[in-house]
Each structure stands twice: as C-alpha cells, then as structure tokens.
Amino acid sequence: MRVVADEEDMLPSTPGKVKIERSGAMSRQLHRCFASTGTMFLWALFLVAMTATYLSFHSFVDTSSRYFAASWGGLHWERQIRASASPRRPPGSAEGAGLSVLVTGAAGFVGTHCSLALRKRGDGVVGIDNFNKYYDPSLKKARRALLASHGVFVVEGDINDGRLLTKLFDVVPFTHVLHLAAQAGVRYAMENPASYVHSNIAGLVSLLEACKDADPQPAVVWASSSSVYGLNDAVPFSEAHRTDRPASLYAATKKAGEEITHTYNHIYGLSVTGLRFFTVYGPWGRPDMAYFSFTRNILQGKPITVYRGKDHVDLARDFTYIDDIVRGCLASLDTAGRSTGTGGRKRGPAPYRIFNLGNTAPVTVPTLVSILERYLRVKAKKNVVEMPGNGDVPFTHANISLAREQLEYKPTTSLEMGLKKFVRWYLSYYGYNRGTHTFNNL
Ligand SMILES: O=C(O)[C@H]1O[C@H](OP(=O)(O)OP(=O)(O)OC[C@H]2O[C@@H](n3ccc(=O)[nH]c3=O)[C@H](O)[C@@H]2O)[C@H](O)[C@@H](O)[C@@H]1O
C-alpha cells in the first residue's frame, strides 16, 4: 500500500538508485535518524578512502620520480635542448632544412658516431642516455664530452621515464627518433635477463608511447639485430628468412621489438625502420665485445677465450665497421616516410621497413685474432673452448641487397682496415706510448 510520502519522497527517483518505500511517522523519524548516521558513516568511509588513495598515489609518484631522479627540467635545461635540437644547415641547402633527431643511447657506441655525423652535416641532435654500468661508464662520459664539444647535448635519463620523454617532445618537435638505447650483448642475457626486459621491451614501449602521442609524430629508426636470425641456417641471411627461432633472450627481445614497432605502425601510424646490425665494431666501441676485449687482453698479456663451434668449426661473424653502419642509419633517417598520426590517432598507412646492415664478408674469430696479433705485434694467449650454450650462433652473414636498393647502402671497410683504425684509436685513447713498442705499420 503506498502512503503519501513527505516532500523527500516526491523527488523523482534517479535511475539505478534504489528508492526506499516508507510507512508511518515514527518509522520515518527513526529511518531519517539511521539514514543520516548511515550517510555520515559513508562520508567518513569515503574520506578515509580518498585520503588513502591520495597518500598511496603520492608515494607512487614520489617513488617513481625518485627512481628516475628528475635531474632535468627548468628554463636553462630547455634552452640547451632547443639549441642542440635546432638544425644548422644553411638555408636553401641541397639536403633541405635539416632534421631534428632524438638519439636514444646517444652516449653508446653507435649512438655517439651517429650523433656526431648528424651534427656535422647540420642536423639538430639531442641525446638521451642512462649511463648504466653495463660497461665502463667513464667511456660513456668521455663520449658525452666528445659530443658536447660538437654542440650535441645529451640528457642523462632513462627511456622508461615517460615524464622525461613527454617533456622532451613538448620542448622540441622532433622530426625523427634514432632509437639505439638497449641492453646489448648476446651472452650477458643469461646473467641479467631483467635488464633486457627493462630496456629492450619496457623501454621500447615507453619510447613508442611518447612518439605516438607526440604532435607531430616523429619517424622512428631503431636498432634491431642480426641475432634475430637465430637458428636460421639459410645463408646469406635475408630479411625474408625465418626469424622465429631466436637463440638468446637478447635476440628474442629484438625480435619482440620488431613485432612491437609493427603494432605502433599499424595502430598509430608511426613510420618505422628496423635495422639489423651485424657485429658492429670500431673506435669508441664496446669493451664487452670480442674485438675490444681481445685487444685489451693481448696488450695486457692476459689470455683470451676463443669459442669454437661443433666439430671444431671456427665461429664466424659478418663484422661491420661503424662508419658503414652510420651511413646506413643516416640513409634510413633520410628515406623514412612520415608518420601519419597526430595525438595518438592514425590518419593513414605509414611505412614499416626492415633492413640488414652488414658487410657481406664473414670472417672467422681466429682470423680476427691473427689480424690483431699482427697489428699489436703481440702473440695472443688463446684458450680455445667449445662454444657454450649461451645463446651464441655459429655464424652470421648478411644479404644486403634490400638496403643497397632502398638506402644505397654500400659497405666499404674490410675487417683488416677497420681493425687498423680501431687499434689506432685504442692505443691513443688508453695512452699506449708508441715509443715503447713499435706497433706494426699503424
Ligand atoms: O650482430 C649483432 O646483432 C650482435 O653483434 C654482437 O654480438 P656478437 O656477434 O656475439 O659479438 P661479440 O661478442 O664481439 O662476439 C664475436 C664473436 O666472438 C666470439 N667470442 C666472443 C667472446 C669471447 O670471449 N670469445 C669469443 O670467441 C663470439 O662467439 C662471436 O662468434 C653484439 O655484441 C650484439 O650486441 C649485436 O646485436
């Protein structure tokens, strides 16, 4: 039976809200009293919940900003970024107005060489690098000083720091991103797998998120790896060959990177070019790589470990000199079609490309050692061991016809010549006095 209710009951019920039927003044009074107590309790609960949420969010923000210690920002910092990002090509120059490139991993081996080459031809370049301790950070700091002497500013920061990336894109409308930051190294993945997920998966997604939200969206050129060919034994390796059998976690993260970048191309219209580097070497190189660590140990009279494949077959790599790789990277930037999205929405199809950048002349590891022995005029103390099951592959060999056709990529440096340039740099950087030891026609 429906009793005429007081004015409160006359309010239209809100859809989805339960309307309480009432009867009798006393019960209404009692109900009102309970209702107001219940309301107060609910309000108190709400306030407690809000406070808890705020405190936990605040501590999260505080933690994450502590994690990515914000050593960036401010007017002076922004001025440095803008100056470094500004192209300096003479107006009306044949190559056009000039690019404005964000280079991730700019204090790394390939990053430093590419940043210098871009700056020297008049492009704007800003670097970002987390200066991690995977290998001697002093080498990375020396590379940063070299870059600074050429007007390239490198931000110390992590590509997982989304706030920093967003800020960079707010300050500079980058035309391109050259993404070289990664946890490199095939064998180290068995010691520190998390670092590969942090940099090569999470870091890549964080960077791609910033790129797809940027307006204008940059075109992305990034470093994949010859290691994605894994157990493929069809040689020379072509981009059309299978890459679904990686032999190391490192290779798997690079393969995943190719799939992830494809997703951002498909959904958001990011222009993407993946470059499969083949064992890059040269001055300012990585101390964790064989050519570098062999040179150091040979000069210090320490033994080197030479891996050998099954049935005592020598391992071989398509060693590629850094200057050839740099030309391939800059050609990729220059030919990268535009991204089509704005503010995270795709406006049309965008280019998705993958190229091998190798030397097409594999050389065995023992041959590498003998070239170094000849230049250093020191006999290596070799421990020859079976290749451990550490993710290494017996050989690499690049088919570069696609890069030759679309990038006009033409490697010109033999391992003999490249190692001579590397050894010259090594002796000078580490201060070997030429007087004490005549090095072979260096
Ligand atoms: O091509 C690539 O994409 C990869 O090239 C190199 O990987 P890797 O070819 O293993 O280069 P090194 O570590 O310099 O090894 C070169 C050769 O020397 C052998 N090696 C390495 C180290 C050692 O102590 N002894 C030894 O015989 C390796 O098995 C390999 O056959 C880089 O380290 C990777 O970051 C890059 O992605």
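In the predicted model, Glu-408 is placed in the loop between helix H12 (401-407) and helix H13 (415-429). Glu-408 is not a glycine, yet its phi is positive, at about 55 degrees. A second residue other than glycine with a positive phi is Arg-377, where the value is near 55 degrees. Arg-377 belongs to the loop between helix H11 (365-376) and strand E13 (381-386). Most residues other than glycine have a negative phi, and most peptide bonds are trans.

Cis peptide bonds were also identified. The bond from Asp-215 to Pro-216 is cis, with omega near 10 degrees. Pro-216 sits in the loop between helix H7 (193-213) and E5. The bond from Val-235 to Pro-236 is likewise cis, and here omega is near -5 degrees. Pro-236 occurs in the loop that runs between E5 and H8.

Strand E5 is also part of an open sheet. This sheet is formed by 7 strands with parallel pairing, and their order is E3-E2-E1-E4-E5-E6-E11. Its edges are strand E3 (153-156) and strand E11 (352-357), each of which pairs on one side only. From one strand to the next, the twist averages 20 degrees. At the E3 edge, strand E2 (residues 124-129) runs parallel to E3 and is joined to it by 4 bridges. Asp-129 has Glu-156 of E3 as its bridge partner.

Helix packing on the sheet was examined next. Helix H3 (residues 75-85) packs on the sheet through strand E1 (100-104), E2 and E3, all of which it touches. The direction of H3 makes about 125 degrees with that of E2. Helix H8 (residues 249-268) lies across strand E5 (219-225), strand E6 (272-277) and E11. Relative to E5, helix H8 runs at about 160 degrees.

The surroundings of the ligand were then analysed. The ligand is surrounded by 22 residues, of which the closest are Arg-187, Ser-225, Ser-226, Tyr-250 and Thr-305. By class, the residues of this shell comprise 12 nonpolar, 6 polar and 4 charged. Polar contacts to ligand oxygen atoms involve both side chains and backbone. In the side chain of Ser-225, a polar atom lies 2.7 Å from an oxygen atom of the ligand. For Arg-286, an N or O atom of the side chain is 2.9 Å from a ligand oxygen atom. At Ala-290 the contact is made by the backbone, with a polar atom 2.8 Å from an oxygen atom of the ligand. The ligand taken alone exposes 690 Å², and 93% of that is buried by the protein. Two or more residues of the shell are given by each of helix H9 (290-299) and strand E8 (303-308). The largest share comes from E8, which supplies 3 residues.

How values were computed. Residues are numbered from 1 along each chain as its sequence is written. This is a predicted model: local features need pLDDT of at least 70, side-chain atom pairs count only at pLDDT 80 or more; totals for chains, interfaces and linings use all residues. Side-chain values use heavy atoms; hydrogens and water are left out. A residue is near a molecule or strand if one of its heavy atoms lies within 4 Å of it. A polar contact is a pair of N or O atoms within 3.5 Å; within protein, one must be able to donate a hydrogen and the other to accept it, and residues adjacent in sequence count only if both atoms are side-chain atoms. Accessible areas come from the Shrake-Rupley method with a 1.4 Å probe; for residues, only the protein chains shown count as cover. Ala, Val, Leu, Ile, Met, Phe, Trp, Tyr, Cys and Pro count as nonpolar, Asp, Glu, Lys and Arg as charged, and the others, Gly among them, as polar. Two strands pair if DSSP finds at least two bridges between them. Axes are lines fitted to C-alpha atoms, for helices over the stretch in contact, and angles run from 0 to 180 degrees between N-to-C directions. Contact means heavy atoms within 4.5 Å.
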